[in-house]
Amino acid sequence: MKNIFFLLVAVVLLSSCSAYQDVLKNDDIKAKYTFADSLYSQGKYKKALKLWEQIVPLYRGRPQAERVSYLYANTFYELGDYYQGGYQFERFVKSFPQSEKREEAAYKSAESYYNRSPRFNLDQGDTYIAMGKLQDFINQYPDSERLDDANAKVQELNQKIERKAYEIAKGYNKIGESRGTFPNAIKAFDNFLLDFPGSKYREDALYWKFNSAYQLALGSVRRRKAERLEDAKEAYNALEKYFPEGKYSEQAAEEVAAVNEALLAMETLN
């Protein structure tokens, strides 16, 4: 009985594959549409895609064009091809501005760009694009039921960019002694604090800015040292102002003591 069952399954599969190949090679656009629609409904997106690719150009200007274009875009989306999915949904929105699917397509287009956003430590070009697309959706559909989700995604992407900026600045501090990048670190932390005033990394940024200024000052040539020591004190004062009993208090106190000692030594020499 088992052998008979497997034989029947094989026959059905072969028959199905044969029918698919026949339709794929056929010039009958209606047959392709019907078969593609059936495959799509069954979740057989890879096979459906090959047929959509053949018939989408042929349905332009026809009554079915809107539906075919939407299913074509959504097939990419379901397959996880967010580059093509985002692009095809954008085309759909532009081509069918009166469609009932317009809002859904606009959101799925933005969501596709969101899904393309890489880990925080990689280039964030796609993240910025995704934020722009999601913000466009929020502005265009302020009453959408998808609004909360879109806002949450924008916040998540912004946090990723925030962390990237912080880690870049921290990286300059880490290699500062060997590569001379303490000035880069100070500038990067300044930019970070301006761009992300409410960041959860604010205390860290203030401390590591001070630490970068401290190390730069102590390693400076004499003609630049006094000015840089004063800059380090100023950075310390900002940290102390906002986080007087923060997690870096003891370490920062030791370092600012060294700054004050160096300033006193310079005054004595003068």
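Which residues in α6 meet which residues in α7? In this predicted model, the α6 side of the contact consists of R102, E103, A106, Y107, A110, Y113, Y114 and R116, and these meet D126, I129, A130, K133, L134, F137 and Q140 in α7. Sorted by class, the contact of α6 with α7 comprises 9 nonpolar, 1 polar and 5 charged residues. The two elements concerned are helix α6, spanning residues 102-116, and helix α7, spanning residues 125-140, whose axes come within 7 Å and cross at roughly 160°. Because an angle over 145 degrees counts as roughly antiparallel, α6 is described as roughly antiparallel to α7. The crossing of α6 and α7 is left-handed.

A second helix pair is formed by α4 (residues 65-79) and α5 (residues 82-95), which pack at an angle of about 160° with their axes 7 Å apart; α4 is therefore roughly antiparallel to α5. The crossing of α4 and α5 is likewise left-handed. On the α4 side, E66, S69, Y70, Y72, A73, N74, F76 and Y77 take part, and they meet Y82, Q84, G85, Q88, F89 and F92 in α5. The class composition of the contact of α4 with α5 is 8 nonpolar, 5 polar and 1 charged residues.

Helix α4 also meets α2, and here the axes come within 12 Å and cross at roughly 40°, so that α2 is oblique to α4. The crossing in which α2 passes α4 is left-handed, and the contact is made by Y33, D37 and Y40 of α2 together with R67, V68, L71, N74 and T75 of α4. By class, the contact of α2 with α4 has 4 nonpolar, 2 polar and 2 charged residues. Residue N74 of α4 thus appears in the contact with α5 and in the contact with α2.

Aromatic pairs were also examined, and a search of the whole structure finds 22 of them. One of these is formed by Y33 and W52, an edge-to-face pair with 6.4 Å centre to centre and 70° between the planes. The pair links distant parts of the chain, since Y33 lies in helix α2 (residues 29-41) and W52 in helix α3 (residues 45-55), 19 residues apart. Y33 is, in addition, among the α2 residues that make the contact with α4.

With regard to annotation, the unreviewed UniProt entry places the feature "domain: Outer membrane lipoprotein BamD-like" at residues 29-217. Over residues 29-217, the end C-alpha atoms lie 75 Å apart, and the span is 77% helix and 0% strand.

Methods: Residues numbered from 1 in each chain as written. Predicted model: local features only at pLDDT ≥ 70, side-chain atom pairs only at ≥ 80, totals over all residues. Heavy atoms only, no water. Axes fitted to C-alpha atoms, helices over the stretch in contact; angles between N-to-C directions. Helix = DSSP H or I, 4+ residues; strand = E, 2+ residues; numbered from the N terminus. Parallel < 35°, antiparallel > 145°, perpendicular 65-115°, else oblique. Left-handed = near helix turned anticlockwise from the far one by under 90°. Contact = heavy atoms within 4.5 Å. Nonpolar A, V, L, I, M, F, W, Y, C, P; charged D, E, K, R; others polar. UniProt positions renumbered as here; feature names shortened; annotations may be inferred. Phe/Tyr/Trp six-rings, centres within 6.5 Å; stacked < 30°, edge-to-face > 60°.
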